[in-house]
Amino acid sequence: MPKLSCSLCTDTVDARTLASPQKLENRILDLIREDRPEWAAKRGICPNCLEQYRAKKFVSYLEAEYRKLSDIEHAVVSKITRRGRVSKVVHQDFEASMTLGQQVADRVARFGGSWPFIGIFGAILVGWMAINAWVLAERPFDPYPFILLNLVLSTLAALQAPVIMMSQNRQAQKDRLHAQQDYEVNLMAEIEIRDLHDKMDSLRFKQWHELWHIQKRQIELLEHLCAQTTDPSRRPPPPAPYVPPEI
Ligand SMILES: [Zn+2]
């Protein structure tokens, strides 16, 4: 048997097992040229080198697919590979990271948009006007038409608007986090369901294979019984012992 050396690793192998560069896939040739630019692609490569470059081809294909994923999908994939949980209580983390000013703004916005605020504020307004119009009728600190009250009200409105907007922005941010979380959970569920489908298919295939083997065995046994009953003097050899099928 003639022996030749591999043009990549220079190991000597059977000439028949060398893979000729003309028969290699373009992607494998490209990978070899990336690693060994001086390689002339004139002589064949050994099965070991071929296997290595085939593996590299699949890894590069998988890496290319992985690069196509978005950041969220990357996060889900890494959580799946670590067998981690995707679902978490988003609003607790979010609220823990809030500053004191943000918490105060939220409380002010919550109180400003409630019936108690309207009641208390209405009572203060009526009280202010009553004190200035009747109680301190002689020397009111804010006589009719209550210019100081107007100033206080416009200041309050000017301050309340940004506080409410801050609170709304934060609510929108929280909603975005929730939406992202929902997407991650759905994606993970989809991947897991697909995985389960694959497992079910593989189990079903295995079962069919086993059933087929059992049926074959039954036919063998029946044939043996038939042969025995038709001619008891012949004593046919018993069928070979049952060997479970291998997948
Ligand atoms: Zn080689």
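Me: Which word describes how α3 and α7 lie to each other?
Reply: In this predicted model, helix α3 (residues 71-81) packs against helix α7 (residues 147-230) at an angle of about 50 degrees, with their axes 10 Å apart. An angle under 35 degrees would count as roughly parallel, and one of 65 to 115 as roughly perpendicular. The angle falls in neither range, and α3 and α7 are therefore oblique.

Me: How many nonpolar residues does the contact of α3 with α7 have?
Reply: From α3, the contact draws on Ile-72, Glu-73, Ala-75, Val-76 and Ile-80, while α7 brings Gln-180, Tyr-183, Glu-184, Leu-187, Met-188 and Ile-191. Sorted by class, this contact of α3 with α7 holds two charged residues and one polar residue, and its nonpolar residues number eight.

Me: In which hand does α3 pass α7?
Reply: The two helices pack with their axes 10 Å apart, at an angle of about 50 degrees. The crossing in which α3 passes α7 is right-handed.

Me: How do α5 and α7 lie to each other, roughly parallel or roughly perpendicular?
Reply: Helix α5 (residues 100-112) packs on α7 at about 110 degrees, and the axes of this pair are 9 Å apart. Since angles of 65 to 115 degrees fall in one class, α5 and α7 are therefore roughly perpendicular.

Me: How many polar residues does the contact of α5 with α7 have?
Reply: On the α5 side the contact is made by Gln-102, Ala-105, Asp-106, Val-108, Ala-109 and Gly-112, and on the α7 side by Gln-160, Val-163, Ile-164, Met-166, Ser-167 and Arg-170. Six of the contact residues are nonpolar and two are charged, and the polar residues, a class in which Gly is counted, number four.

Me: How many charged residues are in the contact of α1 with α2?
Reply: Helix α1 (residues 26-35) and helix α2 (residues 47-67) pack at about 100 degrees with axes 9 Å apart, and the two are therefore roughly perpendicular. In this contact Arg-27, Ile-28, Leu-31 and Ile-32 of α1 meet Tyr-53, Arg-54, Lys-56 and Lys-57 of α2. The division by class gives four nonpolar residues, no polar ones, and a charged count of four.

Me: How far apart are the end C-alpha atoms of α2?
Reply: Helix α2 has 21 residues, of which two are buried, so that α2 is hardly covered. At 1.5 Å a residue α2 should span 30 Å, and this agrees with the separation of its end C-alpha atoms, which is 30 Å.

Me: Is Ala-15 buried or exposed?
Reply: Ala-15 sits in the loop between β2 (12-14) and α1, and apart from its neighbours within four places in sequence it is in contact with Pro-2, Lys-3 and Leu-4. Met-1, 14 residues away in sequence, has its C-alpha atom 7.6 Å from that of Ala-15. Because Ala-15 has 11 C-beta neighbours inside 10 Å, and 12 or fewer is the cut-off, Ala-15 counts as exposed.

Me: How far apart are the C-alpha atoms of Ser-87 and Leu-221?
Reply: Ser-87 belongs to the loop between α3 and α4 (90-96), where it is exposed, with 11 other C-beta atoms within 10 Å. Ser-87 and Leu-221 are 134 residues apart along the chain, and their C-alpha atoms are separated by 56 Å.

Me: Which residue follows Tyr-144 across a cis peptide bond?
Reply: The residue in question has its place in the loop between α6 (115-135) and α7. The peptide bond that leads to it from Tyr-144 has omega near 10 degrees and is cis, and the residue is Pro-145.

Me: Which residue in the loop between α1 and α2 has a positive phi?
Reply: Thr-10, in the loop between β1 (3-5) and β2, has a phi near 60 degrees, although it is not glycine, and is exposed, with 8 other C-beta atoms within 10 Å. Phi is also near 60 degrees, again in a residue other than glycine, at Ala-41. With 15 C-beta neighbours inside 10 Å, Ala-41 counts as partly exposed. The residue that lies in the loop between α1 and α2 is Ala-41.

Notes. Residues are numbered from 1 along each chain as its sequence is written. This is a predicted model: local features need pLDDT of at least 70, side-chain atom pairs count only at pLDDT 80 or more; totals for chains, interfaces and linings use all residues. Axes are lines fitted to C-alpha atoms, for helices over the stretch in contact, and angles run from 0 to 180 degrees between N-to-C directions. Helices (H or I, at least four residues) and strands (E, at least two) are DSSP runs, numbered from the N terminus. Angles under 35 degrees count as roughly parallel, over 145 as roughly antiparallel, 65 to 115 as roughly perpendicular and the rest as oblique. A crossing is left-handed if the near helix is turned anticlockwise from the far one by less than a right angle, and right-handed if clockwise. Two residues are in contact if their C-beta atoms, placed from the backbone, lie within 7 Å. The expected span of a helix is 1.5 Å times one less than its number of residues. A residue is buried if 20 or more other C-beta atoms lie within 10 Å of its own, exposed if 12 or fewer, and partly exposed in between; C-beta atoms are placed from the backbone.
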